[in-house]
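Here is a walk through one protein model, meant for someone meeting it for the first time. Have a look at the sequence and the 3D view, then read on.

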Amino acid sequence: MVNYKVLKQSNIAPNIWDNCQQQVNHFEWSGAKFITKKMAKQMGNNERVVIALDEDQVVGVGALVDQDIANIPESPYFSTLYVLPDYRSQNIASHIVKLVLNEARILGYQEIYVMTQLKDFYEKLGFQYQKMITDFMDRQMKLYRQTLA
């Protein structure tokens, strides 16, 4: 059975934080490096990491971050969604997104953004397309927004 945890860096034991960071860093996905680099530094007070756990194994991740992979004024972002291949098609990804959205609401945000190349995933979760942007790696990305009121 998969369980979920919302992690705030300043509220968690360093060894648990480091263990999660190391597990995510071993994901075979380049985006995992983005969030593990953020986790290695001091994350912002309103930034969170949501993990999906199968016992002690991190099987999925997503994050609420102030700045994502493009230099644009919109903020905050849902970022770095990834679920291990053996755990896909179990609604883990959508559950991670919903937990991050809930955390953003608790923090008082009125809206949240996501940059992606995925088709049809975020629309199903209530995000609305805003515009195309170019990220730090010179890739074309779709920017979506969801109102949190």
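**Salt bridges, pockets and a few residues**

Let's begin with a pair of charged residues: Asp 135 and Arg 139 form a salt bridge, and their closest N and O atoms sit 2.6 Å apart. Keep in mind that this is a predicted model. The two partners don't have equal access to the outside: Asp 135 is buried, at 5% relative accessibility, while Arg 139 is partly exposed, at 30%. As for the idea behind such pairs, side chains of opposite charge can pair when their charged atoms come close.

How many salt bridges does a search of the whole structure find? The count is five. Another of them joins Lys 131 and Glu 74, with the closest N and O atoms 3.3 Å apart. This pair ties together distant parts of the chain, since Lys 131 belongs to strand β6 (residues 128-134) and Glu 74 to the loop between β3 (57-65) and β4, 57 residues apart. Here Lys 131 is the partly exposed partner, with a relative accessible area of 34%, and Glu 74 is buried at 16%. Then there's the bridge between Glu 47 and Lys 38, whose closest N and O atoms are 3.1 Å apart. Glu 47 counts as buried because its relative accessible area is 5%, and the cut-off for buried is under 20%.

Now for the empty spaces. Rolling a probe the size of a water molecule over the atoms shows where empty space is left. The largest pocket holds about 810 Å³ of space. Its lining is made up of 32 residues, and those nearest its centre are Trp 29, Gly 31, Ile 69, Thr 80 and Leu 81. Two or more lining residues come from each of α2 (31-40), β4, β5 (111-116) and α4. Which element gives the most to this lining? That would be β4, with six residues. Sorted by class, the lining of the largest pocket has 17 nonpolar, eight polar and seven charged residues.

Thr 80, one of the residues nearest the centre of that pocket, is part of strand β4 (residues 77-83). Is Thr 80 buried or exposed? With a relative accessible area of 11%, Thr 80 is buried. Beyond its neighbours within four places in sequence, Thr 80 is in contact with several residues, among them Trp 29, Phe 34, Ile 35 and Val 61.

Over in helix α4 (residues 121-124) you'll find Phe 121. Phe 121 is partly exposed, at 23% relative accessibility. Leaving out residues up to four places away in sequence, Phe 121 touches Leu 81, Ala 93, Ser 94 and Val 97. Ser 94 is 27 residues from Phe 121 along the chain, yet their C-alpha atoms are separated by 8.6 Å.

The second largest pocket comes in at about 160 Å³. Its lining includes Asn 3, Lys 5, Ile 16, Cys 20 and Glu 55. At least two lining residues come from each of β1 (2-7), α1 (14-25) and β2 (48-54), and α1 gives the most, with four. By class, this lining splits into four nonpolar, three polar and three charged residues.

Helix α1 is also home to Gln 21. Gln 21 is buried, at 16% relative accessibility. Setting aside residues up to four places away in sequence, Gln 21 touches Thr 36, Met 39 and Ala 40.

Methods. Residues numbered from 1 in each chain as written. Predicted model: local features only at pLDDT ≥ 70, side-chain atom pairs only at ≥ 80, totals over all residues. Heavy atoms only, no water. Buried < 20%, exposed > 50% of the residue type's maximum accessible area, 1.4 Å probe, protein only. Contact = heavy atoms within 4.5 Å. 1 Å grid on protein atoms, 1.4 Å probe; cavity = no way out; pocket = protein on both sides within 12 Å on 5 of 7 lines; lining within 4 Å. Points joined across faces, edges and corners; volume = space filled by probe spheres on them. Nonpolar A, V, L, I, M, F, W, Y, C, P; charged D, E, K, R; others polar. Salt bridge = Lys/Arg side-chain N within 4 Å of Asp/Glu carboxyl O.
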